[in-house]
Amino acid sequence: MTTANLEEMKVVYQRPESLLDVNTHYCPGCTHGIAHRLVAEVLDEMGLRERTIGVASVGCSVFAYNYFNFDFVQAPHGRAPAMATGIKRVRPENIVLTYQGDGDMISIGTGEIVAAAARGENITVIFINNANFGMTGGQMAPTTLPGMKTTSSPNGRDVETMGYPIRASEMIATLDGASYVVRRSLHDPKNIRLAKKAIRYAFETQVRGLGFSMVELLSTCPSNWKMNPLESIQWLEEKMVPYYPLNDFKIHPALAELKF
Amino acid sequence: MTRELWEGNQAMAEACVRAGLKAYFGYPITPQTEILEYMSARMPELGRAFLQAESELGAINMVYGAACAGVRVMSSTSSPGTSLMMEGLSYIAGTEVPMLLVDVMRGGPGLGNIAASQGDYNQIVHGGGHGDYHPIVLAPASIQEAVDLLVNFFDIVEKYLAIGILLVDGSLGQMMEPVEMPPMHPLFKEIPPYAVSGAKGRERRFLSSIDLDPYEEEKTNLRLLQRWQAIEKNEVRFKDYYMADARFAVVGFGSAGRIALSAVRSARAEGIPVGLIRPISLSPFPSQVLLDAAKKLDGMLVVEMNSGMMLSDVQLAVKNNLPVEFYGRVGGVTPFPDEVLGEIRNLAKGPLNNDGLARERWLKKLEKLAQ
Amino acid sequence: MPVKGTITVDENLCKACELCMDACPQAVIALSLEKITPRGYHPAHLFKDGCTGCGICAIICPEAAITVYREPIKKAESA
C-alpha cells in the first residue's frame with residue numbers, strides 16, 4: 001500500500017468540535033454514537049456550540065454530558081422536556097436540546113413530552129428509538145415490537161396483555177404546538193445523511209423561534225438485541241422501519257422554503 | 001410603608017416577586033392555587049417567567065432546570081403535590097443548586113381533604129426525597145411573618161446552595177391579614193459560577209447529581225453535610241412568649257403555635273405559669289433552645305396538627321430531662337384554643353409522667369374526641 | 001482516474017464494530033488483526049489501495065474515529 005502524504009491532502013471529514021475527545025461507554029456499533037456525532041456536526045456547522053445547553057436524560061445516554069463540548073444538565077428519568085422548559089423560559093437566547101431514549105421519553109416521560117410539545121416549547125428533542133430499555137439490560141419498552149423478546153417479555157411481546165407499541169412521532173405531530181416532527185433511521189449512510197439534514201432543520205426551527213422540534217432516530221441496540229452491529233442494522237431496516245415509517249409528520253411552513 | 005389587607009397565598013407570592021423571583025413554575029392544587037393564579041398575572045406583567053406545568057412532576061423539574069441556569073426560581077404546592085416533587089427535590093439537593101418551595105399543607109394521607117393540617121412535617125423536615133440531605137424549613141405563624149421570611153429566603157438558600165421550604169398550612173394560605181410589603185428588589189443579573197448559560201468564552205460546565213464512584217458520592221455527601229453544619233449553627237430561628245418565669249412550656253409551630261398562644265394567654269390569666277416556645281426554623285431544629293428551656297421547666301406540651309411528628313424531635317431534643325405531653329388533631333381538623341387550654345390545665349395539675357408515652361395517652365383522648 | 005483518498009482511524013476511539021468495513025464501497029477497510037488498541041479492540045484500517053476519500057466510512061462510524069483525506073484534484077493542463 002502506498003503511504004499517503006497527509007499534509008498535501010484535503011481533509012474531507014474530521015471529528016466535530018462539539019464532541020469531546022474522549023471514549024464513550026456505548027457498545028461497539030451502537031448508533032448512539034452516530035446520533036451524537038450528527039448533533040455535534042450540525043451544531044458546529046450552525047456555529048451554535050457556545051450557545052447550547054443540553055439536557056441529558058436517563059438511559060444509556062445518561063452520560064451524554066461527558067461527550068459533548070457544551071453546557072449540560074442531567075434530568076431525572078422522563079423529565080428532560082420539563083427541565084429544558086425551565087431553562088429555555090429563563091434563558092430564551094440559548095439553544096436547548098434534550099437527548100432521550102424511548103423508555104425515558106415515552107414510558108415515564110409521556111406527560112412531560114406531550115406537554116412540552118403542546119406548549120410549543122422552543123426546544124429540540126433528539127429521540128433515540130431502539131425498542132427497549134437499554135441501560136438497564138433490555139427490558140420491554142413502549143416501542144418494543146409485537147412479538148419481540150426482551151428480558152421482561154421473555155416469550156415475546158403479547159399485545160393482548162402488554163399492549164401495543166407507541167408511535168411517538170405520529171402522536172406528537174398531532175399537537176398544534178409541534179412545529180417539526182420527523183422520523184429518520186440510522187441504518188445506512190444514505191439514511192444517516194437524511195437524519196443529519198433533519199437534525200439541521202430541527203435546530204433551524206429553534207433558532208428561528210418557530211416552536212417545538214423533534215427528530216425520532218430509529219437506532220440499534222446490538223447488546224440487548226443479542227446481535228452484532230451488522231446484524232443489528234439489518235434488523236433495524238427489515239423489522240423496525242416497516243413498523244415505524246420514515247416520514248415527515250409535521251413541518252412548519254416557514255421551514256419548507258429552507259434548503260441545505 | 002402602609003399595611004394592606006392581603007390573602008396569605010397572594011402575599012407569599014408577592015413577597016417572592018419582591019425578593020427578585022425570576023421564574024415560577026407550578027400546578028393547581030388546593031389550598032394554594034391562588035399562588036399560581038397570582039403569579040400567572042404578576043410575572044408576565046413584570047416580564048418574568050411563569051408557566052403552569054403539566055403536573056407537579058413537570059413543575060419541580062422546570063424549577064430544577066431554571067435553578068441550574070442560575071436564576072431565582074420557586075414553586076408552590078400542597079401535600080399530595082409535595083409527594084410528587086420529592087424526586088425532583090432529591091435531584092436538586094444532589095446537584096447542589098438553590099431553590100424555594102412553598103408547601104401549603106392539607107389533610108391527609110392520600111387525597112385527604114382541603115382543610116389545614118401539619119401532616120407534611122416528616123416528609124419535609126426529615127428530607128423527604130431519597131438520600132442524605134436537609135432542606136432549610138421555615139414555618140411562619142402569620143402572613144406578615146411569612147412575607148418577612150420569604151424576603152430573605154433566597155439570600156439564604158443561595159448562600160448555602162440549599163433547598164428552602166416555607167411550610168405553612170391551608171389556613172395561612174387562605175386567611176387575610178394586614179401586611180406591610182417589602183420594597184421591590186430588582187432582578188439579579190449576575191450569573192452564578194456554577195450555572196449553565198452557554199459556554200461562550202469559557203470552559204463548558206455540566207450539572208448532574210450522578211457520582212457513579214461511591215467514594216466520590218461520599219465526598220458530595222460530605223460537602224452537603226458540612227454546609228448543613230454551618231446552617232445548623234447560623235440559621236436556627238424561634239420565638240418565645242412568657243418564658244421568663246414559666247414552669248411549663250407549650251411547643252407548637254405555625255398555626256398550631258398561634259392557637260397555642262391564645263391558650264397560653266388564657267392560662268396565664270388563670271394564674272398558670274406557662275409559656276410558649278414557637279420554633280420558626282423546623283430544619284435546623286431549635287434543639288439547644290428546647291434543651292436549655294427544659295432545665296428550668298417541669299413539663300412541656302407539644303401541640304400539632306398531626307399525630308406527633310415534631311413531638312419526636314422535641315422528645316429527642318430534651319433528652320428525657322422532663323415530661324413531654326402531646327395534643328393534636330389530625331386529618332385536617334384544626335384545634336380550638338380551649339382544647340389546648342384544657343391540656344395546659346392538665347399539665348399544670350399533674351401528675352406528670354416522664355415515660356415517653358405521650359402519644360399513647362393522646363390517642364385515647366382522640367378516640368373520644370373523634371366520635 | 002478515481003480520486004485518491006485515505007483515512008486515519010483514531011485507535012483510542014475505534015471499537016471494531018465493523019460498520020465502516022461493511023459500508024465502504026471500495027471494500028478497502030478491514031480490522032488490523034496484528035494490533036490491539038488500549039481498549040482491547042482490533043482497530044479498523046485501510047488494508048489495500050483504492051480509497052477514494054468518499055467519506056462514507058466516517059458517516060457511519062459511531063465513534064467519529066475516522067478522519068478522511070482526499071488528494072486535491074489537479075487542474076487539467078491546457079492544451
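## The main nonpolar core

In this predicted model, the largest nonpolar core has 219 residues, and those with the most contacts inside it are Val63(B), Met99(B), Ala249(B) and Cys57(C). Helix 3 of chain B supplies the largest share of this core, namely nine residues. Because domain 1 (3-234) and domain 2 (238-369) of chain B both contribute residues to the core, it lies between them.

Once its neighbours within four places in sequence are left aside, Val63(B) is in contact with Phe25(B), Val73(B), Met74(B), Ser75(B) and Met99(B), and also with Gly86(A). A second, separate core has six residues, among them Tyr26(A), Cys27(A), Cys30(A) and Trp225(A).

## The contact between chains A and B

Chain A gives 28 residues to its contact with chain B, and chain B gives 34 residues. On the side of chain B that touches chain A, the elements that give two or more residues are strand 2 (23-26), strand 3 (49-52), helix 3 (56-68), helix 4 (79-95) and strand 9 (206-207) of chain B. Helix 3 of chain B gives the most to this side, with nine residues. Sorted by class, the side of chain B that touches chain A comprises 19 nonpolar, nine polar and six charged residues.

## Strand pairing across the two chains

Strand 9 of chain B, one of the elements on the side that touches chain A, pairs with strand 3 (residues 71-74) of chain A in the parallel sense, over two bridges. Within strand 9 of chain B, Leu207(B) is the residue that stands opposite Val73(A).

Notes. Residues are numbered from 1 along each chain as its sequence is written. Chains are lettered from A and ligands numbered from 1 in the order in which they are written. This is a predicted model: local features need pLDDT of at least 70, side-chain atom pairs count only at pLDDT 80 or more; totals for chains, interfaces and linings use all residues. Two residues are in contact if their C-beta atoms, placed from the backbone, lie within 7 Å. Helices (H or I, at least four residues) and strands (E, at least two) are DSSP runs, numbered from the N terminus. Ala, Val, Leu, Ile, Met, Phe, Trp, Tyr, Cys and Pro count as nonpolar, Asp, Glu, Lys and Arg as charged, and the others, Gly among them, as polar. Two strands pair if DSSP finds at least two bridges between them. A nonpolar core is a set of buried Ala, Val, Leu, Ile, Met, Phe, Trp, Tyr and Cys residues joined through C-beta atoms within 7 Å. A residue is buried if 20 or more other C-beta atoms lie within 10 Å of its own, exposed if 12 or fewer, and partly exposed in between; C-beta atoms are placed from the backbone. Domain bounds come from an automatic or database domain assignment.
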